[in-house]
There are 2 protein chains.
Amino acid sequence: MAVARVDPQRLNGTLESLGNIGSTPEGMQRIAFSPADVDGRQFVIDLMQQAGLAVRVDTAGNVIARRAGRDGERPAIAMGSHVDTVPSGGRYDGAVGVLGAIEVVRSLNDLDVVTRHPVEVLVFTNEEGTRYHRWLFGSRAMAGLLEPADLEAVDSEGVSMAERLKAIGGDMVRVSEAGRQKGELCAYLELHIEQGPVLHRSGIPVGVVTGITGRIVFDVRVIGAANHAGTTPMDARKDALLAASRLIQAVNDIATSEGMCRVGTVGMMTVAPNAVNVVPGEVGLGAEFRDIDVKRLEDAERRLNEVSQQIAAATGAEILVKREELGQSATTSGSLQDMVVAAAQRLGLDSRPIPSGAGHDAQAMAAITDIAMVFVPSVDGLSHSPREYTTPEACADGANVLLNTLLMIDESLD
Amino acid sequence: MAVARVDPQRLNGTLESLGNIGSTPEGMQRIAFSPADVDGRQFVIDLMQQAGLAVRVDTAGNVIARRAGRDGERPAIAMGSHVDTVPSGGRYDGAVGVLGAIEVVRSLNDLDVVTRHPVEVLVFTNEEGTRYHRWLFGSRAMAGLLEPADLEAVDSEGVSMAERLKAIGGDMVRVSEAGRQKGELCAYLELHIEQGPVLHRSGIPVGVVTGITGRIVFDVRVIGAANHAGTTPMDARKDALLAASRLIQAVNDIATSEGMCRVGTVGMMTVAPNAVNVVPGEVGLGAEFRDIDVKRLEDAERRLNEVSQQIAAATGAEILVKREELGQSATTSGSLQDMVVAAAQRLGLDSRPIPSGAGHDAQAMAAITDIAMVFVPSVDGLSHSPREYTTPEACADGANVLLNTLLMIDESLD
């Protein structure tokens, strides 16, 4: 079999165009359901239609673009990712997977290849979960993994996800119809930037993902008493921010000095009333732990609850820790991993096995099909940052591996 | 001289009406320049006009209401305070002083008293400084204490104070015209809730303020590196929020275990990008120290800078501490204090000397005239909180002391 190759200029041209949608001096702001996200989705839908794909939007707002296969009723090989970004995010997270998949289809068109299996390109709704804190929304809907909290979610502006979903063509009342059966797809492939430093440091251009990290997310409320910052004696305060600052240290300690899980982060915080002359009365925190071992996540959760009660007792503030979600870790298919390795070899590219420290739509899709992921290097390991960068060559390498892996799967699977 | 008395029902009726403007389940939201603040100002202007006062708005947006005096060209005796509130604030802070002063004028009308000196009621713009962090704006303008930063201030929505000032009848270009000369006023009296627990605990209804605390305010920027919360190893992070949490502890330590000043508070905080799955890249803090001794404030500032550099070195984050303002402490006039004590005695009310832990418009006015302040008890010492409360009796006591102090000043001053 000849080595198929994508068009690197064309791929990087689309990356540049999508990267201009929602771009600001403070980075990408293509937050799920925002006008920029809607524009990004439309840009991608236009590309899909130009490539001759049949495009539909399911009830979860996922974009599903299909290219017919040669042999009757075979299950489809799917490729996908997302176009939403975190606030002040980068141009590559998600975008490389979606545009890489579309470039693969355009290359199949150029090469006049009709695969045996149908091919699908999937764009999942609200992968990041910035809005509603219900991440992997679209892929979990497709995999039948939605929870009641997904259906009832309301954002900080008081707008329900149901309403925002309707605006992008979804329908929360019928969202279960977005679920697909095992057997409809025979594989799901996702190309993604590593978002960590391993490939960049090692100089190896292709990562073959061995598994995807588990993640536990908490919403923490710290309730003290708002009071005047000038007249309230230090020993008569219940300062919610002071208590919260200890909790931030504790989350860090659990992942570092206590070594209970791989990483722990407090990424989000709101303070009320948030005025310089008022002792803070209430603080909200968004915290998370990640580890491939879910048992360690549960241990870290127990420890967080324990420390929270100690801080509450010491400060007089009330602390409520609520588990928002526990994302199971996922393993990738061994045979698909082998095909990724072989595809890279065929292209003359070194590859190495690598665990994924970030969560991805692929981990939800693992519930209904075999999955594989291809990583390309993030310069300096930066991601979820305006400085996120992956070279044009690396993006093309990833798309080439995706194309050749797809062709191998198409050849070998029955 | 007979003991004059205000109408307690009428006073508490106006307090209730003003308290309904900008009231929410989360407390008062009469933030300076907001629609609720504008409505509150209009409510007060209407009351002034009904009381027969000549009302004007100066170029700093201050409302100045004047009642003519009997004897030609005497300087005026002024009373005043503010109607803006902190976010989620209370119904008494500021309002008691403004409505108490108006009630004094209405009582003079009822009693057919024409004072020798003109009487003025002053409502100062943006006392709290919630918006623009330029507190005591109106009173500093009247006292000629504005700084260049006041004139150029822009709020978090990108709107200049000049623009908002125009909307309430002020004019930033001519704001210096709001300044008044020494000699125009012979005294400034301010009735206010204590906002602390001293009077409430002691059961004494009247506080005679001996001096007003000094205050130093800082804007602190903590700059780390935003990065992916799942893939960035703990030892490769520059977590701005983790560094900021140490700084919050340090501000507390400076005022407690290190005992360098009376109180220290971090009341405000913003986190960017503020997403649960992103290591925080930048944090902004609003911090302050208060003490009657300005030298101690400067020592606390030195210590804050020192600790910030230690935290920066330990965490890799950059920390920029900028002094936003240093509000000098102010002393009240001894002879005016004596008259407040005598007025309380005349009414059969116990009084006690008390320092003010909060800042007030009076401290700016001290630059151009003698000042005195009357405190009434805050139940449980709560203020800048929806639970702020002062009893109707206490409000009436305060207005009665204000009225009788005014009459004594009018008698005794030349």
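Begin by selecting H2(B) and H3(B) in this predicted model, and show the side chains where the two helices touch: Phe43(B), Val44(B), Leu47(B) and Met48(B) in H2(B) meet Val98(B), Leu99(B), Ile102(B) and Arg106(B) in H3(B). Sorted by class, this contact of H2(B) with H3(B) holds 7 nonpolar residues and 1 charged residue, with no polar ones. Now hide the side chains and look along the helices, where H3 of chain B covers residues 95-110 and its axis comes within 10 Å of the axis of H2(B), the two crossing at roughly 10°. Because angles under 35 degrees count as roughly parallel, H2(B) is roughly parallel to H3(B).

Keep H2(B) on screen, and add H1(B) to the selection. Helix H1 of chain B spans residues 8-19 and helix H2 of chain B spans residues 35-50, and they pack at an angle of about 155° with their axes 10 Å apart. How do H1(B) and H2(B) run with respect to each other, roughly parallel or roughly antiparallel? They are roughly antiparallel, since their angle is over 145 degrees. As H1(B) passes H2(B), the crossing is right-handed. To see what makes this contact, select Thr14(B), Ser17(B) and Leu18(B) on the H1(B) side, and then Gly40(B), Phe43(B), Val44(B) and Leu47(B) on the H2(B) side. By class, the contact of H1(B) with H2(B) is made up of 4 nonpolar and 3 polar residues, and no charged residue takes part. Phe43(B), Val44(B) and Leu47(B) of H2(B) appear in this contact with H1(B), and they also appear in the contact with H3(B).

Stay in chain B, and move to the loop between strand E11 (263-272) and strand E12 (278-279), where Pro273(B) is found. The peptide bond that joins Ala272(B) and Pro273(B) is cis, with omega at about 0°. Asn274(B), which has its place in the loop between E11 and E12 of chain B, has a positive phi of about 65° although it is not a glycine.

Turn next to chain A, and select Pro273(A), which is found in the loop between strand E11 (263-272) and strand E12 (278-279) of that chain. Here a cis peptide bond joins Ala272(A) and Pro273(A), with omega at about -5°.

Still in chain A, select helix H3 (residues 95-110) together with helix H12 (residues 392-412), which pack at an angle of about 55° with their axes 9 Å apart. H3(A) and H12(A) are therefore oblique to each other, and their crossing is right-handed. In the contact, Val96(A), Gly100(A), Ala101(A), Val104(A), Ser107(A) and Leu108(A) of H3(A) meet Cys395(A), Ala399(A), Leu402(A), Leu403(A), Leu406(A) and Leu407(A) of H12(A). The classes in this contact of H3(A) with H12(A) are 10 nonpolar and 2 polar residues, with no charged ones.

Finish by colouring chain A by domain, with domain 1 taking 8-213 + 329-412 and domain 2 taking 215-327. The C-alpha centres of domain 1 of chain A and domain 2 of chain A lie 33 Å apart, and the contact takes 10 residues from domain 1 and 10 residues from domain 2. How much area is buried between domain 1 of chain A and domain 2 of chain A? The buried area is about 960 Å², of which carbon and sulfur atoms give 42%. As a last selection, show His133(A), Trp135(A) and Thr213(A), which in domain 1 of chain A lose the most area to domain 2 of chain A, together accounting for 54% of what that side buries.

How values were computed:
Residues are numbered from 1 along each chain as its sequence is written. Chains are lettered from A and ligands numbered from 1 in the order in which they are written. This is a predicted model: local features need pLDDT of at least 70, side-chain atom pairs count only at pLDDT 80 or more; totals for chains, interfaces and linings use all residues. Side-chain values use heavy atoms; hydrogens and water are left out. Axes are lines fitted to C-alpha atoms, for helices over the stretch in contact, and angles run from 0 to 180 degrees between N-to-C directions. Helices (H or I, at least four residues) and strands (E, at least two) are DSSP runs, numbered from the N terminus. Angles under 35 degrees count as roughly parallel, over 145 as roughly antiparallel, 65 to 115 as roughly perpendicular and the rest as oblique. A crossing is left-handed if the near helix is turned anticlockwise from the far one by less than a right angle, and right-handed if clockwise. Contact means heavy atoms within 4.5 Å. Ala, Val, Leu, Ile, Met, Phe, Trp, Tyr, Cys and Pro count as nonpolar, Asp, Glu, Lys and Arg as charged, and the others, Gly among them, as polar. Domain bounds come from an automatic or database domain assignment. Buried area is the accessible area (1.4 Å probe) that two parts lose on being put together, summed over both.
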